[in-house]
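Okay, thanks for making time for this one. Have the sequence and the model open in front of you, and I'll talk you through what I picked out.

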Amino acid sequence: MPHAFRQVDVFGSRPLSGNPVAVVHGADDLDDEQMQLFAQWTNLSETTFLLEPTGPAADYRLRIFTPARELPFAGHPTLGSAHAWLEAGGVPRGDAVVQECAAGLVTLERGERLAFQAPPLIKDGPVEDDVLARVTSALGITASDVVDSKWCDNGPGWVGVLLEDAHAVLALRPDRDALEGLDVGVAGPWRDRGDDGAGDADVEVRAFDNLNEDPVTGSLNASLGQWLAGTVLPEEYVAAQGTAIGRRGRVHVRRVGETVWVGGDTRTTVQGEVRLND
């Protein structure tokens, strides 16, 4: 049977400038193998499947797949899938949208743009010396270039690295092979919003693994917000990501007390139907 399908551009500051996610609607009849095969076939960083929730606390259930595995949570797929669900006529039970996924319940607010509540960290605290040595070597920098570092793991396994400024972040030329087994997020503040065309951004962010550089990363920006918002950065700020690879992502981060919200623009770019089990 056909399934409604949308491909949504997430975090783009203009059309086709963010991170795409493929969303399959009404996927309760699909099994794990079909979901994984379709995610492999789309070859996007993530493909998601909307299902009925397992209980009354959530509006829908979401499964999130990379081409290689299922993830318990991911940020830009959460925003893109909520956008697709709402655009298809989904009506939340309350004021907020509540998503059920393997990591638990995720709350999304509907304001000027969709935003999700940052999930709790799985691993927090200082980065071990041997891990940090691997990270700095892979990034082509020295320990003295690192202003601070921290585990920022809310599912994908991020190691967070803070550099002196955005210029240092954009200058990185990492050794991908040396990053094998690591997911590294790097941030550096723009000292002047008008500096070198940064314009509307307070910080530059890049996300690396041993396969690619992610265009715009919701989970990383969520954990960076829990770390940096209200200390190194304002309690409300805009992160630029994707600059080094020709994207123009903008992530809107806001801390309210102990809660961090991560938002961005969402646009449907492809709409139709897919046939996965005919």
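So, the area buried between domain 1 and domain 2 comes to about 880 Å², and carbon and sulfur atoms give 60% of that. On the domain 1 side, N19, F73 and A118 supply 38% of the area buried against domain 2, more than any other three residues. Keep in mind that this is a predicted model.

Where are these domains, then? The assignment for the protein chain puts domain 1 at 2-118 + 264-275, while domain 2 is 123-247. Taken over C-alpha atoms, their centres are separated by 25 Å.

How many residues meet across that boundary? We get 11 from domain 1 in contact with 11 from domain 2. As for polar contacts between the two domains, the count is three residue pairs, both partners at pLDDT 80 or more. If you're looking for which elements give two or more residues to the side of domain 1 that touches domain 2, those are β2 (19-24) and α2 (75-87). Sorted by class, that side of domain 1 has five nonpolar residues, six polar ones and no charged ones. And salt bridges across the interface of domain 1 and domain 2? The rule finds zero.

Now compare that with the overall tally, where the count comes to 14 salt bridges. Let me show you one: R63 pairs up with D32, and their closest N and O atoms are 2.8 Å apart. What I like here is that this pair links distant parts of the chain, with R63 in strand β4 (residues 60-65), D32 in helix α1 (residues 32-42), and their positions 31 residues apart.

Let me zoom out before I stop. The protein chain has five helices and 17 strands. Along its principal axes, the C-alpha trace spans about 55 × 40 × 30 Å. The radius of gyration of the protein chain is 18 Å, and that agrees with a compact globule, because one with 278 residues would have a value near 19 Å.

That's my bit, so over to you for questions.

Terms used: Residues are numbered from 1 along each chain as its sequence is written. This is a predicted model: local features need pLDDT of at least 70, side-chain atom pairs count only at pLDDT 80 or more; totals for chains, interfaces and linings use all residues. Side-chain values use heavy atoms; hydrogens and water are left out. Domain bounds come from an automatic or database domain assignment. Contact means heavy atoms within 4.5 Å. Buried area is the accessible area (1.4 Å probe) that two parts lose on being put together, summed over both. A salt bridge is a side-chain nitrogen of Lys or Arg within 4 Å of a carboxyl oxygen of Asp or Glu. A polar contact is a pair of N or O atoms within 3.5 Å; within protein, one must be able to donate a hydrogen and the other to accept it, and residues adjacent in sequence count only if both atoms are side-chain atoms. Helices (H or I, at least four residues) and strands (E, at least two) are DSSP runs, numbered from the N terminus. Ala, Val, Leu, Ile, Met, Phe, Trp, Tyr, Cys and Pro count as nonpolar, Asp, Glu, Lys and Arg as charged, and the others, Gly among them, as polar. The radius of gyration is taken over C-alpha atoms; the globule rule is 2.2 Å times the number of residues to the power 0.38.
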